[in-house]
Every structure is written in C-alpha cells, then in structure tokens.
Amino acid sequence: MTRGKFILIEGLDRAGKTTQVNRLYERLSPNSESMKFPERSTQIGGLINEYLTNKSFQMPDQTIHLLFSSNRWERQEYIEKTLVTDKKHIVMDRYVYSGIAYSLAKEVDGMDFDWCFGCDKGLIRPDMTVFLVNSKSNDNREGFGKERYEQKCFQEKVHEKFDITFQKLATKDNTSPVQIIDVTDKSITEVEELIWKVVEPVVGAKSASNQLLRF
Ligand code: 2DT
C-alpha cells in the first residue's frame, strides 16, 4: 500500500466536527490516526490554550496567529511519518483554513490573506477537506461562549472568511478538494454517512507515489 490519506474536517465552533472526526477515525481504524489543532499538549499549545481560555491573557493578534501556525509546523514530522512511513490515514480536526479564517475575521490592519497564509506556506496539504456548515445558530450548545471567539457575530464573520480562504487556496487541478456539507437538522449518523460518501473514494484511491501535497 502507498501512503495514507490526509482528511481534514473544518467548520465553525460546535458544528459537530469533533464527533465526526471520531466517527471517521473509528471507521478507518486500525489504519488511522486522529489529530487536532490547536494541539494544546505542546509548550506552544499551552500558550494557545491560555490565550483561548483566559480572556485577560493578552497578546498581539499577529503573535497568536504565528503561534497557531508554529503549532502546525511542530507536528509536521509526525504527520509525514504517520502518512508515509506508517501508511496510516490521518483524520484532522481544524488546520490551515481555521488559522486563516479566524485571523481574517478579526479584521486587523495589515493582516490580509497573504500575510495570514505566508507562515503556513509549505505545510503538508490535506488530500480532502470537509467543511461542516450549520445554517441554524449553534450558540445554544452546552459550553458555547466559554472560550475566546465563541460569539455569534464573530462566528458569522469567520464563516465568510472560510469561504474566501477556500476560494483563494483552491487548486486548479482539484488535487486538494473541499467538500461543503450542510449539517442543518441532520442526525450524527446522517452526517457521518454524507462524509463517508465523499471520503471513501479518496481513501480507497491508490496514490501514484508517496509524495505529499503541500500548501
Ligand atoms: P477548538 O475549539 O477546535 O479547540 O479551537 N483557531 C484554531 C484559530 O484561531 N487558529 C488556528 O490556527 C486554529 C487551528 C478556532 C479553538 C479555537 O481556535 C481557533 C477555535
């Protein structure tokens, strides 16, 4: 078998990403790993966690953006080893698109798309991204509002910026496609099946080589 496939699940806060990452990971098990960003267990991840959970912990928007990106860079070797050496699939919860969309939504002078994307250029690129959209407000879910960014109007802005980010990063040859799945009023199992329908052909396809895609 050639290398494993890198499947990314993106979405707004509380769109059901984590549940679906777990379902997909279990479906692909034992030939899979699940990962998430931010990866809060590293030293950099600890700073990110402090920033997200403690609203009085301040740092410049540029700094936290670069920390989120560093957090992805520090896990690249592990991602490469998992895909190429271990030949396992990776099911990922958030990655580059979240990094850009959340920072763009802050609308900080000078932090435009090119600035935000610059530090992520060269990262391993997913073979497929699934974006979960819930058109009904998801701010009544348990725990919503506890962390920074969990406010309804900010989330609406993030959604807009996700769309822009997908357009800007789209490849002409569709080598790293993005599939948008509307999860509104759907059960966990229904969403799981919709995701499987688009992911199955990707994980089932043989790679011509072990070469990884890059942003
Ligand atoms: P979780 O609730 O999924 O743990 O995310 N975020 C995430 C960024 O602003 N930039 C990034 O690069 C990434 C990966 C989204 C915690 C919050 O962190 C935001 C929500």
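Biologist: Helices (H or I, at least four residues) and strands (E, at least two) are DSSP runs numbered from the N terminus, right? Then where is the place of Pro-38?

Modeller: Pro-38 sits in the loop between β2 and α2. Keep in mind that this is a predicted model, where local features need pLDDT of at least 70, side-chain atom pairs count only at pLDDT 80 or more, and totals for chains, interfaces and linings use all residues. Residues are numbered from 1 along each chain as its sequence is written.

Biologist: OK. Which residue does a cis peptide bond join to Pro-38?

Modeller: Phe-37, with omega at about 0°. Ser-29 and Pro-30 are also joined by a cis peptide bond, omega about 5°, and Pro-30 is in the loop between α1 and β2 (32–36). Most peptide bonds are trans.

Biologist: Switching to the ligand: which residues are around it?

Modeller: Phe-37 and Pro-38 are among them, along with Asp-13, Leu-52, Phe-68, Arg-94, Ser-98, Gly-99, Tyr-102 and Tyr-149. To be listed, a residue needs its C-beta atom, placed from the backbone, within 6 Å of the ligand.

Biologist: Which helix gives the largest share of that shell?

Modeller: Helix α5 (residues 96–104), with three residues.

Biologist: And what's up with phi of Tyr-149?

Modeller: It's positive, near 85°, in a residue other than glycine. Tyr-149 is in the loop between β4 and α7. It counts as partly exposed because 13 other C-beta atoms lie within 10 Å; 20 or more would make a residue buried, 12 or fewer exposed, with C-beta atoms placed from the backbone.

Biologist: Phe-68 is in the shell too. Which residues of α3 are buried?

Modeller: Phe-68 is one of them, with Ile-64, His-65, Ser-69, Asn-71 and Arg-72. Seen down the axis of α3, they fall within an arc of 155°, so they line one face of the helix. That arc is taken from the directions from the helix axis to the C-beta atoms.

Biologist: What do they pack against?

Modeller: α2 (43–53), α5 and α6 (113–118), where a contact means C-beta atoms, placed from the backbone, within 7 Å.

Biologist: Last one: how many residues has the largest nonpolar core?

Modeller: 36, and Phe-6, Ile-7, Leu-24, Ile-90, Val-91, Met-92 and Ala-101 have the most contacts inside it. α5 gives the most to this core, six residues. A core is a set of buried Ala, Val, Leu, Ile, Met, Phe, Trp, Tyr and Cys residues joined through C-beta atoms within 7 Å.

Terms used:
Two residues are in contact if their C-beta atoms, placed from the backbone, lie within 7 Å.
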